[in-house]
Amino acid sequence: MKLWKKLSLVTTVTLFLATGVSGAAVIGQTLRYNVEKTTESYRQQLQATAYALGRDIGESELLGYSEATRSSFFNYLIKKYGASRYILVKEEEVLCNLTDFELVNPQDERWAQTEPAVDTREVEGKRLLIMGKKIPMDSPADYRLVLVADISQVYRDMEKQVMLFLEFYLAAAVISVLFIFLLTRRMLSPLRELQKAASDISEGVLNRRARVKSHDEIGEMAGSFNRMADRIEEQVTQLEQVSRQQKQLLGSLTHELKTPMTSIIGYSDTLLHVKVDEERQNKALLHIHEECRRLERLSGKLMSLIGLYDNDSIRMEEVDIEELFAGVAQLEKYQLEEKGMRLETRAAGQKRMLDRDLFESFLINLIDNAVKAGKEGDSILLEATEGGISVTDHGKGIPEEEISRVTEAFYMVDKSRSKKAGGIGLGLALCSQIAALHHARLHIESKAGQGTRVSVLFEQQFLC
């Protein structure tokens with residue numbers, strides 16, 4: 001059963017019980033009040049009539065009369081004060097009874113009290129009030145006056161009130177039930193909104209929020225729910241970012257390992273299959289050693305670059321650009337010779353504040369892309385200008401509509417060619433991050449079929 005139905009049912013039952021019990025109590029109290037007021041009225045009448053009869057009855061005056069005369073006299077007195085409402089009793093004898101009620105116990109000592117005694121009985125479907133007291137008079141005779149009144153009308157009036165109450169009670173109950181159901185459903189509608197929001201979030205709609213504008217406890221709960229949802233979305237976003245970073249790390253490491261490993265394989269293959277003199281052998285071993293050390297340093301720098309580790313492995317230092325170009329040319333020599341291409345460098349004697357290892361990786365990535373885009377006999381220009389460093393090739397180029405996307409991780413313009421060349425679309429994405437680390441930006445100029453020029457443009461403070 002829905003919560004709003006349960007609350008409505010509990011509220012309705014409670015309301016019915018409360019109003020029913022209170023209504024019954026009010027009706028019962030009203031009945032008692034009316035009976036007491038009626039009884040008090042008859043008590044006063046009885047006392048007044050008993051007092052008057054005590055003055056009119058003179059025992060000495062009745063001694064000389066016959067029984068019939070006395071009976072007529074008593075009937076006259078009773079009719080005079082109460083008509084068919086009173087019974088006159090002398091000791092244990094009923095002298096006059098003009099009521100329809102037969103007094104079977106005239107000797108009852110309750111009627112011999114100076115204060116009226118009260119009794120109620122139900123006779124033949126009627127509610128009778130029986131009240132009696134001793135008549136005060138100066139006579140040794142014991143006269144008693146008993147009043148018999150039909151108070152059924154009081155109960156009938158109360159029954160009418162009960163029926164009227166029940167009619168109003170049932171009408172009010174029906175209206176109340178409808179009102180309570182509608183009001184409870186409306187009041188709990190924010191909870192339904194919360195339930196829908198929670199269901200949507202559980203299905204992956206993390207930007208879903210509960211639209212609750214009330215300022216009560218439900219509104220406060222909705223605010224707490226939305227704050228919780230914000231936190232969950234933030235944590236999920238962070239987890240997704242970490243996942244992307246981890247994926248990018250693995251891809252970047254694979255991508256960056258390729259060039260030095262190619263160089264290492266080339267030199268080691270030479271050592272294994274070609275007879276060389278000791279000097280060339282030592283030179284090859286030294287180059288392999290340097291490449292291995294560079295791989296070790298590069299792995300740590302890449303981890304820092306994509307934010308997975310916070311350490312001090314990235315260090316800026318003054319770098320001679322001409323030296324940097326020479327080192328890159330040496331590292332790319334084997335690959336260029338294999339492709340039948342050549343690298344031209346123009347350094348202009350500049351010096352800049354750079355992280356040497358990262359910037360070597362930066363330039364190697366750009367040259368690798370140029371090699372993949374070019375063909376045998378092409379030349380690649382590595383040039384330093386006053387505003388930055390650029391790599392220019394005369395290869396296939398990049399379509400204009402693709403230029404804005406080539407720095408996205410794992411994005412490849414020519415997917416078939418990149419797959420054949422072993423690329424995974426991380427080169428320019430990594431270059432863009434390295435440029436940002438050096439407070440610089442990438443600028444790409446390209447035309448399909450004419451070649452590409454990729455430049456890194458520095459801020460002036462990095463020029464020494």
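Accessible areas are obtained here by the Shrake-Rupley method with a 1.4 Å probe. On that basis, the accessible surface of the chain amounts to about 27,400 Å², and carbon and sulfur atoms contribute 53% of this area. The structure is a predicted model.

**Overall composition**

The chain holds 11 helices and 12 strands. Of its 464 residues, 39% are buried. Among contacts with a separation of 6 or more, 64% are made by residues 24 or more positions apart.

**The five-stranded sheet**

An open sheet is built from 5 strands in the order β2-β1-β5-β4-β3, with antiparallel pairing. Its edge strands are β2 and β3 (117-123), each of which pairs on one side only. From one strand to the next, the twist averages 25°. In a regular strand, side chains alternate between the two faces of the sheet.

Three of the pairings are set out below, each with a pair of residues that stand opposite one another.

| Strand pair | Bridges | Opposed residues |
|---|---|---|
| β1 (residues 86-90) and β5 (residues 143-150) | 5 bridges | Lys90 and Tyr143 |
| β1 and β2 (residues 93-97) | 4 bridges | Leu88 and Cys96 |
| β3 (117-123) and β4 (residues 126-134) | 7 bridges | Ala117 and Gly132 |

**Strand β1 and its hairpin**

Strand β1 spans residues 86-90. A residue counts as buried when its relative accessible area is under 20%. By this criterion 4 of the 5 residues of β1 are buried, and the strand is therefore largely enclosed by the rest of the structure. On one side β1 runs antiparallel to β5, joined by 5 bridges, and Lys90 faces Tyr143 of β5. β1 also pairs with β2, again in the antiparallel sense, over 4 bridges, with Leu88 placed opposite Cys96.

β1 and β2 form a hairpin with 2 residues between the strands. Within this hairpin, Glu91 adopts a positive phi near 55°.

**The edge strand β3**

At the other edge of the sheet order, β3 is joined to β4 by 7 bridges, and the two strands run antiparallel. Ala117 has Gly132 in β4 as its bridge partner.

**A nonpolar patch on the surface**

Leu9 lies in helix α1, which covers residues 3-56. Together with Val13 and Leu17, Leu9 forms a nonpolar surface patch whose combined accessible area is about 260 Å². The relative accessible area of Leu9 is 44%. Since partly exposed residues lie between the limits of under 20% for buried and over 50% for exposed, Leu9 is classed as partly exposed.

Notes:
Residues are numbered from 1 along each chain as its sequence is written. This is a predicted model: local features need pLDDT of at least 70, side-chain atom pairs count only at pLDDT 80 or more; totals for chains, interfaces and linings use all residues. Side-chain values use heavy atoms; hydrogens and water are left out. Buried means under 20% relative accessible area, exposed over 50%, partly exposed in between (1.4 Å probe, protein chains only). Two strands pair if DSSP finds at least two bridges between them. Patches are made of residues with over 30% relative accessible area and no salt bridge: like charges are joined within 9 Å, nonpolar side chains (Val, Leu, Ile, Met, Phe, Trp, Tyr) within 5 Å. A salt bridge is a side-chain nitrogen of Lys or Arg within 4 Å of a carboxyl oxygen of Asp or Glu. Axes are lines fitted to C-alpha atoms, for helices over the stretch in contact, and angles run from 0 to 180 degrees between N-to-C directions. Contact means heavy atoms within 4.5 Å.
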